[in-house]
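Open the model in a viewer and keep the sequence panel visible. Each stop below names something to select and then says what is there.

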Amino acid sequence: MASDPATSLLQTFSYPSDNPQYLIKWTRLGPRDAQPLIFIHGTPWSSRLWAPYALALSARYSVYLFDNPGYGQSPLLIPAAAAEFASNGPLTKQAEITAALFQHWGLSSPPHIVAHDNAGLVALRTILQHGCIYKSLTLIDVVAVGPWGLPFFKLVADNEDVFNAIPPPMFDGIVRSYIRDAAFKPLRKEDEDMLAEPWVSGEGRPGQEGLVHALKQASTRVSHDVEVQYHKVGDSGLPVRIIWGKQDKWLPCDDHAAKLKDLIGGKSEVVLVEDAGHLIQLDQPERLMAEIVLFLTKVDAAS
């Protein structure tokens with residue numbers, strides 16, 4: 001997955017504006033007056049995972065890409081922000097920042113949202129706790145209903161100093177093994193390099209300490225406070241499509257997809273994709289693109 005200059009994150013959003021603790025790098029592609037479409041990535045990924053989809057759909061939509069705080073090109077600015085980030089398992093702070101970013105963009109109409117991994121919980125919180133209004137919501141192998149959590153997350157959280165002290169070449173191997181475990185099919189080297197790069201490279205990236213913070217945060221992930229409110233999303237009439245890789249080992253579809261659909265209710269629907277793990281974007285890119293396009297087209301035609 002080679003980098004395309006068109007998806008470079010050249011814009012910056014500072015939050016809060018009066019005393020910045022977070023810098024969010026972002027970009028926009030496609031016609032400015034087109035229907036907005038926003039892709040949101042999860043852990044431990046970045047906007048690079050969505051770049052080919054954003055490029056393809058920018059012919060029709062005004063597409064927004066950004067790196068979440070602490071990921072990709074959006075490193076945390078100060079130690080206090082890093083500490084807050086590492087302890088924010090419910091992702092309330094990330095939802096707060098994401099809602100502020102969307103408001104900063106001054107979108108001309110409610111956007112389509114496509115969210116993967118813990119971005120699902122963030123997107124749902126922006127609706128339920130920050131009043132964000134969307135045209136549709138596509139949830140892909142999302143962290144949104146418990147129980148979940150890899151044993152590795154707790155191992156990192158309980159041994160933070162040890163993982164921060166691992167020599168970089170050894171840590172590189174841990175990162176790559178962790179990333180490969182998310183895919184059903186063998187990853188191409190260029191894709192593995194792209195996904196690992198923010199955590200194993202040098203200045204200007206979150207690096208080793210950043211990934212340890214992210215995994216420590218994941219060890220305390222909770223959503224029970226908003227799960228009881230998910231029905232409000234369905235009751236609002238918002239079109240929701242839940243897409244899941246049938247071979248997702250991290251979040252098995254039998255435990256998560258149907259439960260999430262039941263909690264949301266309304267117009268929500270589930271699509272299961274064969275031969276796809278948690279990294280469905282790389283396991284089944286053509287099928288995922290087709291499902292996204294079909295859903296967005298159906299919603300646009302009905303509006």
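## The nonpolar cores

This is a predicted model. Start with Phe66, Phe102, Ile113, Leu137, Leu139, Tyr230 and Leu260: these have the most contacts inside the largest nonpolar core, which has 47 residues. In soluble globular proteins, nonpolar side chains tend to be buried together.

Next, select Tyr230 by itself and show what surrounds it. Leaving aside neighbours within four places in sequence, Tyr230 is in contact with Leu121, Leu124, Leu128, Ala144, Val145, Ser223, Leu260, Leu263 and Ile264. Leu260 thus appears in this list and also among the core residues with the most contacts.

Now move to Leu187, Trp199, Leu211 and Leu279. They are among the 28 residues of another core, which lies apart from the one with 47 residues.

## Aromatic rings

Show the side chains of Phe, Tyr and Trp. The model has 16 aromatic pairs, counting rings whose centres lie within 6.5 Å. A pair of aromatic rings is described by the distance of the centres and the angle of the planes.

For one such pair, select Trp50 and Tyr53. The two rings are edge-to-face, with 5.3 Å from centre to centre and 80° between the planes. Are these two residues buried or exposed? Trp50 is buried, at a relative accessible area of 1%, and Tyr53 is buried too, at 3%.

Then select Trp26, Tyr64, Phe66, Phe102, Trp105 and Tyr134, a cluster linked by ring pairs. Phe66 and Phe102 were also in the selection at the start of the tour, as residues with the most contacts inside the largest nonpolar core.

## Helix 3 and helix 4

Colour residues 92-105, which are helix 3, and residues 119-130, which are helix 4. Their axes come within 9 Å and cross at roughly 75°, so helix 3 is roughly perpendicular to helix 4. Which residues of the two helices meet? From helix 3 there are Thr92, Gln94, Ala95, Glu96, Thr98 and Ala99; from helix 4 there are Val122, Arg125, Thr126, Gln129 and His130. The residues of this contact divide into 3 nonpolar, 6 polar and 2 charged.

## The loop leading to helix 3

Step back along the chain to Pro90, in the loop between helix 2 (79-87) and helix 3. Pro90 is partly exposed, with 23% relative accessibility. Add Asn118 to the selection: 28 residues separate it from Pro90 in sequence, and the C-alpha to C-alpha distance is 9.8 Å.

Leu91 is in the loop between helix 2 and helix 3 as well. Leu91 is buried, at 0% relative accessibility, and its phi is near 65°, a positive value in a residue other than glycine.

## Other backbone details

Another positive phi is found at Asp275, which is not a glycine; the value is about 55°. Asp275 lies in the loop between strand 8 (269-273) and helix 13 (280-283), and is partly exposed, with a relative accessible area of 36%.

Finish with two cis peptide bonds. One joins Tyr15 and Pro16, with omega about -15°; Pro16 is in the loop between strand 1 (11-15) and strand 2 (22-29). The other joins Thr43 and Pro44, with omega about 0°; Pro44 is in the loop between strand 3 (36-40) and helix 1 (51-57).

Conventions:
Residues numbered from 1 in each chain as written. Predicted model: local features only at pLDDT ≥ 70, side-chain atom pairs only at ≥ 80, totals over all residues. Heavy atoms only, no water. Axes fitted to C-alpha atoms, helices over the stretch in contact; angles between N-to-C directions. Helix = DSSP H or I, 4+ residues; strand = E, 2+ residues; numbered from the N terminus. Parallel < 35°, antiparallel > 145°, perpendicular 65-115°, else oblique. Contact = heavy atoms within 4.5 Å. Nonpolar A, V, L, I, M, F, W, Y, C, P; charged D, E, K, R; others polar. Phe/Tyr/Trp six-rings, centres within 6.5 Å; stacked < 30°, edge-to-face > 60°. Buried < 20%, exposed > 50% of the residue type's maximum accessible area, 1.4 Å probe, protein only. Core = buried A, V, L, I, M, F, W, Y, C linked by side-chain atoms within 4.5 Å.
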